[in-house]
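Student: Please pick one part of this model and take me through it closely. Then work outward to whatever else can be described. Keep it brisk.

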Amino acid sequence: MKDFPHGGRTYGETVRLDFSANINPLGMPEKVRDAAVQGVLRSAEYPDPGSTVLTEKLSRRWGISPEMLVFGNGAAELLLRAACAAPSDVTIIPIPSFYEYERAARACGSEICWIRLKKENGFLLDGTVLSEILHAARRERERGKTVSVLLGNPNNPTGKCIPGEILETLLTELEQMDIRILVDESFLPFAEEEEMHTVMCRLESGRKIAALRSFTKIYGMPGLRLGVLATGDRLWRENLSRCAQPWPISLPAQLAGEAALDEKDYLATTNKLITEEREYLCRELQENLVWEIHAGPAPFVLFRAPADTASRLKELGILIRSCKNFRGLDETWFRIGIRTHEENQELVEQWRKLR
């Protein structure tokens, strides 16, 4: 089997504790699971091709027009469709970042311009990186190239959000150069101050900005595959729809998504758990288990440790994510998802046995 470039156990693999994926440790809410089961029982029917109920609920949640929303079979599928719907000669991507950004851009024939996030600055998209992105964008536009920019906010695997003033400047400057920007906000619902970082409030009609969200991460439903892209760019939306099959999401995913949007207490409980357990893990790991650690509001932490850390933990039935296939990182970088306190405690206890 070809190596899988993402976290999560592979089929046939026996793992006692899986810290390699970034899924809500609370698991799928009961009402969401029940809705998905109803979707299976009703699967002799076709799903609603327009996802009418889901669209109406989400547009009310975000305070944007229903026509701005496009659904797909997970955020990764929408990344690919978004790249094909508005292909560019050059795609600017800060690194390290999610592998699917590169894959989507290359699939549509785009050349990639890498902008390195600096370890010494905590992998933050700061003023220096902002200047590098804008310089690269101007250079390519002066060459007559069409350009797009892909950003993670929070970024994967660094977990860091883009500071608000940096993001606003970046969006404004890029739009003035007639450049499309896609901001992947798949992990933003885990942040306690989500409203401070989202671009949803900037999606006015005509603006070439898109926000990408995943139901997979926050609602613990990776097997159902459900993502949504929001943009005020009409042409981009129309092309996105042309790149899709008539029924872009299944009936179980559709009904599960509808139920998920009613889960208010679940989100508050998740935010509290992630904040507390992130602090716990960072504190424990810094006590002689790792060389350095980086964390933000995302439900995972990035760290450096001896290159054999993942293989030694796997011998104990614990899976963590090697980051050696992220551009800009090497075999000494790893990522762990934040789990329940009991699971996090066991990870730390087992890890200490390796010393």
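**A close look at strand 7**

Tutor: Strand 7 and strand 8 run antiparallel, joined by 5 bridges. The model is predicted, so read every value below as computed from that prediction. One pair in this antiparallel match is S214 and G227, the latter in strand 8: the two stand opposite each other. Strand 7 also pairs with strand 6, residues 180-184. Here the sense is parallel, over 4 bridges. Within that pairing, L182 has A210 of strand 7 as its bridge partner.

Now the burial. In a regular strand, side chains alternate between the two faces of the sheet. Which residues of strand 7 sit on each side? I209, A211 and R213 are on one, while A210, L212 and S214 are on the other. Every one of these is buried, so both faces of strand 7 are covered. The count is 6 of 6 residues buried, so strand 7 is largely enclosed by the rest of the structure. The cut-off behind "buried" is under 20% relative accessible area.

Part of the surroundings is helix 2, residues 52-62. Its buried residues are L54, T55, L58, S59 and W62. They span an arc of only 125 degrees around the axis, which places them on the same side of helix 2. These buried residues pack against strand 7 (209-214) and strand 8 (227-231). They also pack against strand 2 (69-72), helix 8 (215-218) and helix 10 (251-260). After helix 2 comes G63, with a positive phi near 70 degrees.

Helix 5 can be read in a similar way. It covers residues 127-142, 16 in number. From first C-alpha to last it reaches 22 Å, close to the 22 Å expected at 1.5 Å a residue. Its buried residues are V129, L130, I133, L134, A136, A137 and E140. Their arc around the axis is only 160 degrees, which puts them on the same side of helix 5. On the other side, H135 and E142 are exposed. The cover over the buried residues of helix 5 includes strand 3 (90-95), strand 4 (111-116), strand 5 (147-152) and helix 6 (164-176).

Both ends of helix 5 have a detail to check. At the start, a side-chain oxygen of D126 comes to within 3.2 Å of the backbone nitrogen of T128. G144 follows the helix, and its phi is positive, near 85 degrees.

Further along the chain is another sheet. It is open, made of 4 strands in the order 9-10-13-12, with antiparallel pairing. Strand 9 (292-295) and strand 12 (321-322) are its edges, each pairing on one side only. Inside that order, strand 10 (residues 300-304) and strand 13 (residues 333-337) run antiparallel and are joined by 5 bridges. L302 stands opposite R335 of strand 13.

Helix 11, residues 264-285, lies across strand 9, strand 10 and strand 13. It runs at about 170 degrees to strand 9. A268 belongs to helix 11. Is A268 buried, exposed or partly exposed? Its relative accessibility is 48%, so A268 counts as partly exposed. The C-alpha atoms of A268 and F300 are 18 Å apart, with their positions 32 residues apart along the chain.

Back to the starting point: strand 7 has a parallel partner in strand 6 and an antiparallel one in strand 8.

Terms used: Residues numbered from 1 in each chain as written. Predicted model: local features only at pLDDT ≥ 70, side-chain atom pairs only at ≥ 80, totals over all residues. Heavy atoms only, no water. Expected span 1.5 Å × (residues − 1). Buried < 20%, exposed > 50% of the residue type's maximum accessible area, 1.4 Å probe, protein only. Arc of directions from axis to C-beta. Contact = heavy atoms within 4.5 Å. Polar contact = N/O pair within 3.5 Å; in protein donor to acceptor, adjacent residues only side chain to side chain. Pairing = 2+ DSSP bridges. Axes fitted to C-alpha atoms, helices over the stretch in contact; angles between N-to-C directions.
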